[in-house]
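Please open the structure in your viewer and keep the sequence panel visible. The tour proceeds by selection, one stop after another.

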Amino acid sequence: MAKPPIPQEILSAGAAPILTVDMHTTGEPTRIIYSGFPELKGSTLLQKRADAEANHDHVRGRLMLEPRGHKEMYGALIVNDTDLTAAGEADVGVLFMHTAGYSPMCGHATIAVSRFLVDFDPESCPGLFPKRNFQLDEKTMTTALKLHCPCGVVDVTVPVVNGPHGRLQSDPARPVSFINVDSYATGIDVAILVPEEYRWPELDARTSLTADFSYGGAFYCLVDAEQLGFKDGLRSSDLAALSRATAKLRDAIVANPQYKVYFQHPSEPELGYFYGVIVRDQKRGVPAEGADGAEVGLCFFGAQQVDRSPCGSGSAARRALAHAKHGWPPEKKWTYHCFLSDDCGGLGGFSAHVVGKPAEGQDKSGRAGDRVRVRVEGQAFYIGFATFFVEATDGISASGFVA
């Protein structure tokens, strides 16, 4: 392979290069950062995330924003040493980031990162993932890993084939699956008041709407498109109007203290915040093979960033909500689509179902439904590799920008 036709002096004249691999999961990008990010301080993963926010946020901006990224970019930073990897409860850690900050959980990125962790060559990058020790399940041709995310440990299963040099290699033809952290509904059929300053045109004269709240590693408000005033359901031509409506809805919820109960984390206060709004169209969607039904959804998060994928943590939250609201049996498998997968005839949809029975005797404070473990599956694909750097005199791109 040819080397870049750029003098080495240019590469070494500015900030240390950062090495990434880019992947997509149903169109949603994941820029995986595996070398060059500043070393993070702290003994726990959440402390390391706080250090990244406080002291290295310009690096997040450099990688997520223009000119290296764009307004819909998403990233994942591999973190070898965390409190749970030290305790033997996880194999490796990860921090999720986007154009406006950091995420407590991300399903689409979990799917991508897990493929990458199986595939990378430890000989060419010996410092990455030192606890790499995959065991092959010969019956299913899969391997497993425990990924420490900010919300907790996620159990991932990656389909594999026997690759060259005697190493396992991920199988792109089969979906990756993960069993999420405990997911649960926090509010069912909640009446949301919409004061005058928060209304949008499609709401017409209504002063309230009905929505649900659920947790899948992050807290979501789940609302039908019709409740927002979009009588024809979800259509890509309405994207700008949907963004305006969900932004107003988010502002109305955050401004009213009575709704805070729906996004309070039981053990980690820094994870107790309203993460995203998922707009649902339950009249559309192609069920995947073996699924019992389907629906289409669109997730807005961060600074109104649009998730191109069906949203993995959101799929867990939606399936947990269906368990609590409609009494679906655990084995009932549902397919969750985004605009892209729905337009592609169902290609790329996420499937989700409850694994096992909900735990017994749990404290129900702050919850409208039992905690359940949801298995989500989907596919991610490689699209490129990059070495990013900043020249010493480049004052525009060092922290990125939004046009």
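The stops below concern a predicted model.

**Stop 1: a histidine in a strand**

Select His337, which is found in strand β16, residues 334–337. Is His337 buried or exposed? The relative accessibility of His337 is 0%, and because buried means under 20%, His337 counts as buried. Now display its side chain together with that of Ser341: a polar contact of 2.8 Å joins the two. Next, show the surroundings of His337. Leaving aside residues up to four places away in sequence, His337 touches ten residues, including Gly285, Val286, Pro310, Asp342 and Gly349. Asp342 will be selected again at a later stop.

**Stop 2: from β16 to β17 and β18**

Keep β16 in view and add strand β17, residues 350–355. The strands β16 and β17 run antiparallel and are joined by three bridges. To see one partnership, select Thr335, whose bridge partner in β17 is Ser351. Strand β17 is mostly covered, since five of its six residues are buried.

Then add strand β18, residues 373–378. How many bridges join β17 to β18? There are five, and these two strands also run antiparallel. Select Ser351 once more: its bridge partner in β18 is Glu377. Ser351 thus has a partner in β16, namely Thr335, and another in β18, namely Glu377. While the strands are displayed, note a general point: in a regular strand the side chains alternate between the two faces of the sheet.

**Stop 3: helix α2 and its cover**

Move to helix α2, residues 45–55. Which residues of this helix are buried? They are Leu45, Leu46, Lys48, Arg49, Asp51 and Ala52. To see what covers them, select helices α3 (57–64) and α4 (83–86). Continue with strands β3 (74–79), β4 (92–98), β5 (102–103) and β6 (142–149), which are also included in the cover.

**Stop 4: salt bridges between separate parts of the chain**

A search of the whole structure finds 18 salt bridges. Three pairs deserve a selection here.

Begin with Glu72 and Arg308, whose closest N and O atoms are 3.8 Å apart. This pair links distant parts of the chain, 236 residues apart: Glu72 is in the loop between α3 and β3, and Arg308 is in the loop between β15 (305–306) and α7 (312–326). Glu72 counts as buried, at 8% relative accessibility, whereas Arg308 counts as partly exposed, at 36%.

Next, select Glu202 and Arg244, a salt bridge in which the closest N and O atoms are 3.1 Å apart. Glu202 lies in the loop between β10 (184–193) and β11 (208–215), and Arg244 in helix α6 (residues 239–255), so this pair ties together parts that are 42 residues apart in sequence. Arg244 is partly exposed, with a relative accessible area of 39%.

Finally, return to Asp342, one of the residues that His337 touches. The side chain of Asp342 meets that of Arg284 in a salt bridge of 2.4 Å, N to O. Because Asp342 lies in helix α8 (residues 339–343) and Arg284 in the loop between β13 (274–281) and β14 (293–301), the pair ties together parts 58 residues apart in sequence. Asp342 counts as buried, at 15% relative accessibility, while Arg284 is partly exposed, with a relative accessible area of 24%.

**Stop 5: a network**

For the last selection, choose Asp189, Asp212, Asp224, Arg280 and Lys325 together. These residues are linked in a network of salt bridges.

How values were computed. Residues are numbered from 1 along each chain as its sequence is written. This is a predicted model: local features need pLDDT of at least 70, side-chain atom pairs count only at pLDDT 80 or more; totals for chains, interfaces and linings use all residues. Side-chain values use heavy atoms; hydrogens and water are left out. Helices (H or I, at least four residues) and strands (E, at least two) are DSSP runs, numbered from the N terminus. Buried means under 20% relative accessible area, exposed over 50%, partly exposed in between (1.4 Å probe, protein chains only). A polar contact is a pair of N or O atoms within 3.5 Å; within protein, one must be able to donate a hydrogen and the other to accept it, and residues adjacent in sequence count only if both atoms are side-chain atoms. Contact means heavy atoms within 4.5 Å. Two strands pair if DSSP finds at least two bridges between them. A salt bridge is a side-chain nitrogen of Lys or Arg within 4 Å of a carboxyl oxygen of Asp or Glu.
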